Structures are given as structure tokens and as C-alpha cells.
Protein chains: 2
Amino acid sequence: MTRQQTDNQDLFAIADLAKEFGISTRAIRFYEAKGLLSPERVGATRVFRRRDRARLILILRGKRLGFSLRDISDYLSLYDADRSQQVHLLVDKVEERLASLERQRDDLETTIAELKEIRELAVAPRPRQRAG
Amino acid sequence: MTRQQTDNQDLFAIADLAKEFGISTRAIRFYEAKGLLSPERVGATRVFRRRDRARLILILRGKRLGFSLRDISDYLSLYDADRSQQVHLLVDKVEERLASLERQRDDLETTIAELKEIRELAVAPRPRQRAG
DNA sequence: CAACGGTTTGACGTTAACGTAAGCTCGTGA
DNA sequence: TCACGAGCTTACGTTAACGTCAAACCGTTG
């Protein structure tokens with residue numbers, strides 16, 4: 001199988017996605033094995049659609065945020081959740097996630113602020129030793 | 001060795017820190033083995049001061065942000081960096097870190113926004129199927 | 001037809017970050 | 001004195017997230 005780009009806007013080979021996102025085909029297959037992706041098959045060959053590609057983007061973003069594949073899997077299920085689910089259960093999970101993410105954001109803000117301070121101190125003239 | 005709290009405001013046993021931060025003593029020793037901590041010794045026993053405790057807090061924050069111990073180690077060295085270092089090298093590293101963190105912040109903001117949208121959609125009345 | 005590139009499924013190897021267990025030392029209280 | 005709790009080192013076990021072959025199957029191209 002070669003590039004599908006010219007054939008069809010909506011079909012991707014595994015190597016297409018791997019190249020586009022700078023990951024290995026092995027990683028993509030691994031994500032499928034873990035249930036994070038479920039591409040269609042043509043014979044034995046995986047065929048990815050826009051939806052799969054979108055999920056992959058979410059997976060990679062989750063990884064950049066330091067989440068485990070297990071966490072990301074839970075996260076994806078929030079996106080998947082259609083009206084067939086119990087609404088309040090979904091909302092609870094979303095709230096839970098949001099709380100965790102907002103804590104992470106606080107950590108991040110603190111860290112960024114500290115680094116900026118370090119940067120300022122580095123370029124500023126040496127302060128005299130404080131008393132104490 | 002037992003609690004040092006009453007003995008001295010500035011001395012902590014490994015179990016004190018473990019308990020305070022809800023981690024194992026094994027983890028703390030591991031961080032030392034990786035060079036992230038370097039407590040003093042009294043005989044063979046580790047003795048932690050405020051400075052070590054402060055570093056441990058940074059380590060745990062780094063972990064919450066999804067960083068590897070290797071990353072955190074680099075990060076800590078920015079805090080350590082005294083004037084003996086080349087200022088521009090330090091600033092470069094700080095800038096590098098900041099760029100990465102700000103990207104992470106963007107990812108985080110996006111994710112938070114999406115989850116909030118999911119939450120709204122979940123509680124909102126079901127939208128009609130779109131054409132297309 | 002045969003080589004080649006892309007794909008598949010195993011299956012074993014690897015690194016990080018500890019968990020866990022064994023065996024030893026040391027200070028203390030009944 | 002001796003059992004106990006806390007600490008230490010050494011070392012093997014474990015899980016996650018892939019990396020890295022190996023062996024086999026297409027579909028095309030020279």
C-alpha cells in the first residue's frame with residue numbers, strides 16, 4: 001500500500017500517519033492493541049479515516065501532557081460518549097478530569113513563573129547577600 | 001531514628017518526608033541515587049534539611065507535570081545554577097524550558113476548553129443531526 | 001518471474017521508576 | 001539482654017511503552 005493522499009482525502013495508510021506525526025508504525029499498532037484506535041481493515045491491512053487521525057492527535061496531545069495511555073484511553077471515551085451514556089456519569093468524569101487538569105495548570109503556571117524569575121535573576125546584576 | 005520535628009525545625013528523617021508527601025522511602029532513596037537529592041549523612045543514616053525538602057517538592061511537582069526524573073534533574077540544575085555558571089548558557093536553558101512549558105500550557109488550555117465543551121453538550125438538550 | 005516496498009503478526013529486548021524481599025546494623029525500652 | 005523499630009545496601013521483580021528483529025504475505029515494477 002502506498003500513499004492514499006492522492007487516492008482519497010479520507011483514507012490513510014499506517015505509514016502516512018506515522019510520517020505525518022513523527023512516530024513509528026509500531027507505536028500506532030500499539031495504540032490499537034491498547035484499544036485507543038480501531039482502524040478498519042482491508043484484508044489484513046489497516047485503513048485509517050479522519051476520525052482515527054483525529055483520535056491520534058488527541059493521543060499525542062495527551063502524551064505531551066504526560067498522561068499514560070490508560071489515562072488517555074479514559075479521556076478518549078469522554079469524547080466518544082454519545083447520548084446513550086448516562087449523562088451525569090459522563091459529567092462527573094469530565095469534572096474529575098477538569099479538576100486534575102486545572103491542578104496541573106496551576107503547577108505549570110507556578111513553574112513558568114519561577115523559571116521567568118530565574119531568568120531575570122540571571123541577567124540582573126548580582127544582588128548583595130541578604131541579612132538573615 | 002525517629003521524628004526530628006520536635007528536635008530541630010531543620011532536620012528530617014527519610015520517613016518524615018515520605019509520610020508528609022505520601023511517597024515511599026524507596027522512592028526518596030531512588031531520587032538520591034539518580035542525583036536529584038543529596039542529603040547529609042550521620043553515619044549511614046540520611047538526614048534531610050529544608051533545602052532537600054524544597055527540592056523534593058519540586059521533584060513531585062515535576063512528576064505531576066509528567067516529566068521524567070531526567071528532565072526534572074535538568075530542571076533542578078537551573079535552580080541550583082549560581083553565578084559560577086555562564087549566564088547566557090543558563091538563560092538559554094531556561095528559555096528552552098519555558099518554550100516547552102508554554103507549549104504544554106497551550107495543550108492544557110485546549111484540552112480544558114474541550115472538556116468544558118463536552119460538559120456543556122452533555123447537559124444541553126440533544127442537538128438535531130447536522131446536514132452533511 | 002523475481003526483486004522490492006509496504007504490511008502483517010508474533011515474540012523477545014529495553015528503559016524508567018519504582019516495589020519488594022533479604023540480610024545486616026544501630027539505638028532504645030521492658 | 002534482647003526483641004523491636006528504623007535505617008541501610010544489594011538485588012531481583014514489575015509495568016508501561018514502545019524498539020527491534022523475524023518470517024510471511026501482497027501488489028507492483030523492471
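**DNA strand C and a helix crossing**

Modeller: In this predicted model, α1 (14-21), α2 (25-33) and β2 (45-47) of chain A, along with α2 (25-33) of chain B, each give at least two residues to the surface near DNA strand C. The largest share, 4 residues, belongs to α2(B).

Biologist: Which residues come nearest to DNA strand C?

Modeller: Of the 18 around the strand, A:R29, A:R46, B:S24, B:K63 and B:L69 do. Of the strand atoms that come within 4 Å of the protein, 73% are sugar and phosphate.

Biologist: What makes the pair between B:R26 and a base oxygen of DNA strand C a polar contact?

Modeller: A side-chain N or O atom of B:R26 is 3.0 Å from that base oxygen. The cut-off is 3.5 Å for a pair of N or O atoms, so the pair counts. With phosphate oxygens of the strand, a polar side-chain atom of A:R41 sits at 3.0 Å, and a side-chain N or O atom of B:Y31 is at 3.0 Å.

Biologist: Why are α3(A) and α5(B) called oblique to each other?

Modeller: Helix α3 (residues 50-64) of chain A and helix α5 (residues 87-123) of chain B pack at about 125°, axes 9 Å apart. Roughly perpendicular covers 65 to 115 and roughly antiparallel needs over 145 degrees, so the two helices are oblique. Their crossing is left-handed.

Biologist: Which residues meet there?

Modeller: A:L58, A:R61 and A:R64 from α3(A) meet B:R103, B:Q104, B:D107, B:T110, B:T111 and B:E114 from α5(B). By class, that contact has 1 nonpolar, 3 polar and 5 charged residues.

Key: Residues are numbered from 1 along each chain as its sequence is written. Chains are lettered from A and ligands numbered from 1 in the order in which they are written. This is a predicted model: local features need pLDDT of at least 70, side-chain atom pairs count only at pLDDT 80 or more; totals for chains, interfaces and linings use all residues. Side-chain values use heavy atoms; hydrogens and water are left out. A residue is near a molecule or strand if one of its heavy atoms lies within 4 Å of it. A polar contact is a pair of N or O atoms within 3.5 Å; within protein, one must be able to donate a hydrogen and the other to accept it, and residues adjacent in sequence count only if both atoms are side-chain atoms. Axes are lines fitted to C-alpha atoms, for helices over the stretch in contact, and angles run from 0 to 180 degrees between N-to-C directions. Angles under 35 degrees count as roughly parallel, over 145 as roughly antiparallel, 65 to 115 as roughly perpendicular and the rest as oblique. A crossing is left-handed if the near helix is turned anticlockwise from the far one by less than a right angle, and right-handed if clockwise. Contact means heavy atoms within 4.5 Å. Ala, Val, Leu, Ile, Met, Phe, Trp, Tyr, Cys and Pro count as nonpolar, Asp, Glu, Lys and Arg as charged, and the others, Gly among them, as polar.
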